[in-house]
Amino acid sequence: MEILNNLPEDKYLEIDDFLAFLGVYEDRKRLVAFKRALRKFRARVVVEAGAGLGELAEALLRTLRPEKLYLIEDNRPAYEYLKKKFRGRSDVEVIRGLIEEWEAPTNVDLLVQEFYGPLLYDESLEALSRLKFTPEKVFPNRGFLRYQVVDLESLDEPVIDRNIWHIFDNVLVSDLFWYFEDYRPQGTVLEWRYPELMRYDVDLSGLQGDVLVLAVEVWHDEEKLCDPASCLNWPFVFTPRIGDSFALEFSYKDGFTEVFFQWTG
Ligand SMILES: C[S@@+](CC[C@H](N)C(=O)[O-])C[C@H]1O[C@@H](n2cnc3c(N)ncnc32)[C@H](O)[C@@H]1O
């Protein structure tokens, strides 16, 4: 989805942000996986960081029946929608703002979040390392960015052949090939375990193939909940493989993350 007309900058940014996460509601498998894993928790005070349109919040109320559910949402249109949706419920409080700036008025038993980007750390997971409160538990609390190297010929986009492939050198493109079904990760680039991000040394020198595929996996403890092959919300990311090692960096400021990618060797 894309905004096609000129708008004042503030309005443009809030609608653009709003549209950016609407795709999550088409992903029923992610909701089923999250709901199943949530049944194991017991919690009196629950916080959802980035509550969107409140789909997961409804599941939290039904499954956990918390005494209090705080919904923290930075996007204005989503916040206003949440206010209307949960109006009149004394067990739900909707708050506008960034989770990393929120001062919890009480102990938090469980923090729930869906801050994973297609490159793991390119949306808001970093914000969770700077919370002003310490939740007892976080769900989900773990994630990986995996890699796989494949041949261009094995992919399905007829327009992208060897003659044009190089225009994407050092460019990470999500969803470039639509029907990538052969997900067999060969290694790990990043691991996030609340609240820390860990990096692995990647050396592709023994691997054949001219396409690097990156895939985020959402985990809680030892259980995988989603990857791009199972859940629509997280696309595979593709780029030409023009070396054996690369740098991938993130810079987070005021709710916005920049991604830097470069082949290094
Ligand atoms: C994928 S959506 C969440 C969908 C939600 N779980 C649902 O079921 O409706 C992520 C939301 O997090 C919000 N968000 C992102 N970073 C945030 C931050 N640092 N603080 C508060 N909200 C944030 C976005 O505006 C977006 O609404």
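Buried means under 20% relative accessible area. That cut-off applies to the views below, which come from a predicted model.

**View 1. Helix α3 and its cover.** Helix α3 spans residues 55–64. The helix is mostly covered, with 7 of its 10 residues buried. Those buried residues are Glu55, Leu56, Ala57, Ala59, Leu60, Leu61 and Leu64. Helices and strands both take part in the cover. Among the covering helices are α2 (28–38) and α4 (76–85). The covering strands include β1 (45–49), β2 (68–73), β3 (92–96) and β4 (110–113).

**View 2. The residue after α3.** Arg65 follows helix α3. The phi of Arg65 is positive, near 45°.

**View 3. The second largest pocket.** This pocket holds about 150 Å³ of space. Two strands, β8 (187–193) and β13 (246–253), each give two or more residues to its lining. The largest share, 4 residues, comes from β13. Val189 and Leu190 belong to the lining. So do Arg199, Tyr200, Asp201 and Val202. Ser245, Phe246, Ala247, Leu248 and Glu249 complete the list.

**View 4. The character of that lining.** What kinds of residue line the second largest pocket? The lining divides into 7 nonpolar, 1 polar and 3 charged residues. Tyr200 counts as nonpolar here because tyrosine is placed in that class. Ser245 is also in the lining, and serine counts as polar. The lining residues Arg199, Asp201 and Glu249 are of types that count as charged.

**View 5. The β13–β14 hairpin.** Strand β13, which helps to line the pocket of the previous views, pairs with strand β14 (residues 256–263). The two strands run antiparallel and are joined by 8 bridges. One bridge pairs Lys253 with Phe256 of β14. Together β13 and β14 form a hairpin, with 2 residues between them. Asp254 sits in the turn and has a positive phi of about 50°.

**View 6. The disulfide.** How many disulfides does the structure hold? There is 1. The disulfide joins Cys226 to Cys231, with an S to S distance of 2.1 Å. Is the link of Cys226 and Cys231 left-handed or right-handed? The link is left-handed, with -65° about the S-S bond.

**View 7. The two cysteines and their exposure.** Are Cys226 and Cys231 buried or exposed? Cys226 has a relative accessible area of 1%, so Cys226 is buried. Cys231 has a relative accessible area of 2%, so Cys231 is buried. Both values fall under the 20% cut-off.

Terms used
Residues are numbered from 1 along each chain as its sequence is written. This is a predicted model: local features need pLDDT of at least 70, side-chain atom pairs count only at pLDDT 80 or more; totals for chains, interfaces and linings use all residues. Side-chain values use heavy atoms; hydrogens and water are left out. Buried means under 20% relative accessible area, exposed over 50%, partly exposed in between (1.4 Å probe, protein chains only). Contact means heavy atoms within 4.5 Å. On a 1 Å grid over the protein atoms alone, a cavity is a set of points where a 1.4 Å probe fits but cannot get out, and a pocket is an open set with protein on both sides within 12 Å along at least five of seven lines; lining residues have an atom within 4 Å of a point. Grid points are joined across faces, edges and corners, and a volume is the space filled by probe spheres set on the points. Two strands pair if DSSP finds at least two bridges between them. A disulfide is a pair of cysteine sulfur atoms within 2.5 Å.
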